[in-house]
Amino acid sequence: MILIGENIHIISRAVSEAIKERNPEYIQKLALAEARAGADYLDLNLGPARKDPEEVCSWLVNTVQDVVDLPISLDTMNPLAMEAGLRLCKRRPLLNSASGKTESKQNMMPLAVKYNTEIIISVLTDQGCPPDVDSRVESIMDTVAYANGIGIANEDIWIDPIILPVSADQKQVKEALEFIKILPDLLPGVKSVIGLSNVSNGTPANLRGILNRTYMLMMEKNGLYAAIADVLDAELMELNSGGMPGIREMIYMIMDGSPVDLTGLSEKEMDYVKTARVLMGEMLYSHAWLES
Amino acid sequence: MDYKVPLETYNNRVREIVLGKGNRELKIGGQNILPLHYFEGHAPNKPVVALQMDDNHANGWAEWVVEPYKDVVADPVKWARRCVDLGADLVCLHLDGTDPKGLNRSAEEAGSLIKQVCSAVDRPLIVYGCGDEKKDVEVLTRVAEECRGERILLGPAVKENYEAIARAVAENDHLIIAQTPLDINLEKELNVKLLKQLSPDRIVIDPLSSALGYGMEYSFTIMERTRQVAIVYGDTAMQMPIIADLGAECWKTNQARANKTQGIMWECITAISLLLAGADIIVLRHPDNCTFIKEVIERKL
C-alpha cells in the first residue's frame, strides 16, 4: 500500500509552532524522519490557513523540498494556500482534498486541472458525510462525473470514503471497508485512499496504533491503494512491507468469517484478533476492548 | 396447512441476579428475549418497580409527588414502610442528604440509617449516593459495611470511583450500579473494568434515564442497544440487568411541576418507554405510577 506520511500536521502543537515561527528545523527533521521510515508521499496539512495563506504554504513546501524529494500531498481547505503550494511542487503533487461540496467543486477541482495534479476526492457533499455504502456510492458517482467533466481523468483521482472513528460510529468502519471493496467496479481506473488514523480518533493515545494497523490490513485485503498514516509507527511500516504474515493471515480469516484457532496465540496476536473483531462490528467497541 | 408463527430465538440471556437476602430476596433478569417479547423465549423474572425516597425531607420534590408521603418525609424508616405499603417491589433510597453542598450528613449517619431502613422493610433496597464522586465512596463503603450480607444494590459507581465502591461491594456481599453518561461504549468499558473485581451477577447497568422531552430517546436507544448486544450478539460484558432511575429526572421538568395530572403522566410515559427499551428495574416517585406500571408489566392492560 502507498503510504502518505501524516506527521506534518497543523494539529500537532510542535508543528503549528514551527510553522508560526517559520522555524524550518523541526519541520525538516520530521520530513527526513518520515522519508527514512519509508513514506511514499508527505502530507503537509495546513488546515484552514487563515493567516497569510500563500506565504505560509509556499514556505512550508519549500522548507520540506529543501531536504527531501518525495512527492507532496498538499492538505488545506484554503484554495489560495493550495494554489501557492501546488505551483512550487517539484514532483507531481496530490491535491488533498476536494469533495462533492459546491465550494470544493468551484475552488479546488479547477486547481488540479490547472497544475496537472493528482487529486483526492472525498464522498462529502453539501449535506455532510453520507451515512451508508449506497449513499456514498451515489455521492461519489456524481462528484467524479463532475470532475471528469472539467477534464480530470479517473486515473488521477484518489477516492476517499471518509473514515469515522470506531469510538464514535462503529458501524461506519465496516461500511467504509465495503465501499473500498466495490469501488473498482463502480469507477474503473480510480485509486482509493483513506485517512487511516481517523479510525482511532478519540481512542486513548496508547491504544491507537493497533486500531490503525489492523484497519490498514483489513483495508489492504479489500484493495485499498493508499493511506495517509503515521509512518513513524514502526510496526505499521513492518506490516505494510509484508512483515508478521501470521497476523495478516488471522485478520483475513476473521474478515472471511473463517474460524480462527486461538490456542497458543501470543498476547500480541490475541490483541490483533480482538481488534479485527471490533472493527468488523462483531463486538461492541469500548476503550477496554483489549481487556475482555 | 398449519400456520407456524415465525419466532426469533436466542441462545444468550441476561444474567439473573438476586437482590436482598432471606425473605427480602428478589430476582431480576434471566431472560433470553428482547424486552417484553415473552412469546419468543423465556423470562423467569419480570421487570420490577421501586419507589424512590430520600434522607433529605423530599427537598425539591413537586408538591403533588410529596402528597402521598408528606406525613413521613422527615422519617426515612416510616417513608420506606410507606413505599412498601403503596406496592413497591423495592425501595430506592437516594442519599441526597449526604451531599456536601447540602445537609452534608456523615457516612456514619447514612450507614446507620440504611441499616434501620433495611430491618424495617421486607423488600430489597437500592441505595444511591448523592452523586459526589468522593463523598459517595465514603458513604457507600460505610453503608456496605454496616449492612454486610444484605445484597443491597449500591451506586452510582462511575469511571472516577468504581474501584473503591466495587471493593466495598465485593467484600460485603452487595451489588453495584454501574453508571455511565448515556454512552454505550463507555458503558461497556466500565463493565469490563468492573468484571475484573466483581462477578457479573453483582452488576446492574445504569445508562442514565433522561425524562420525556429532555433526551429520553437517548436513554431509550442505549437501553435498546444494550439489550440487542447482550441477547442477539451475546456480548458477555453487556448481559447485566438495567435500572431506569427516572423519577428524579421526570419530576425536575417544568412540565411535571406545572400540575399534578401532567406530572404523573410525564413520569408514566417515560417509565413505559424505558420499560419497552429494556429496563429491568424502574424507579418512580408517584405511587399511582407504581400501581399502573406494575399492571403494564403483568400485561393486565
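Helices (H or I, at least four residues) and strands (E, at least two) are DSSP runs, numbered from the N terminus, and two strands pair if DSSP finds at least two bridges between them. This is a predicted model, in which local features need pLDDT (the predictor's confidence in each residue, from 0 to 100) of at least 70, side-chain atom pairs count only at pLDDT 80 or more, and totals for chains, interfaces and linings use all residues. Residues are numbered from 1 along each chain as its sequence is written, while chains are lettered from A and ligands numbered from 1 in the order in which they are written.

**Exercise 1.** Work out how strands S1 and S2 of chain A are joined, and then place them in the barrel.

*Solution.* Begin with strand S1 (residues 2-9) of chain A, which is joined by four bridges to strand S2 (residues 41-47) of chain A, the two running parallel. Next, find Ile4(A), which stands opposite Tyr41(A) in S2(A). Finally, follow the order S1-S2-S3-S4-S5-S6-S7-S8 in chain A, which forms a closed barrel of eight strands with parallel pairing.

**Exercise 2.** Decide whether the residues of strand S3 of chain A are buried or exposed, and trace the connections of this strand.

*Solution.* A residue is buried if 20 or more other C-beta atoms lie within 10 Å of its own, exposed if 12 or fewer, and partly exposed in between, with C-beta atoms placed from the backbone. Five of the five residues of S3 (residues 72-76) of chain A are buried, so this strand is largely enclosed by the rest of the structure. On one side of S3(A) lie Ile72(A), Leu74(A) and Thr76(A), and on the other Ser73(A) and Asp75(A), all of them buried. In a regular strand the side chains alternate between the two faces of the sheet.

Now turn to the pairing: S2(A) and S3(A) are parallel and share five bridges, and Asp43(A) has Ser73(A) as its bridge partner in S3(A). Between these two strands the chain passes through helix H3 (residues 53-65) of chain A in a right-handed β-α-β crossover, where right-handed says that, with the strands pointing away from the viewer, the path from the first strand over the helix to the second runs clockwise.

**Exercise 3.** Describe what surrounds strand S5 of chain A.

*Solution.* Start with burial: five of the five residues of S5 (residues 118-122) of chain A are buried, so this strand is largely enclosed by the rest of the structure. Then take its partners, since S4 (residues 94-98) of chain A is joined to S5(A) by three bridges in parallel, and S5(A) also pairs in the parallel sense with S6 (residues 157-160) of chain A over four bridges.
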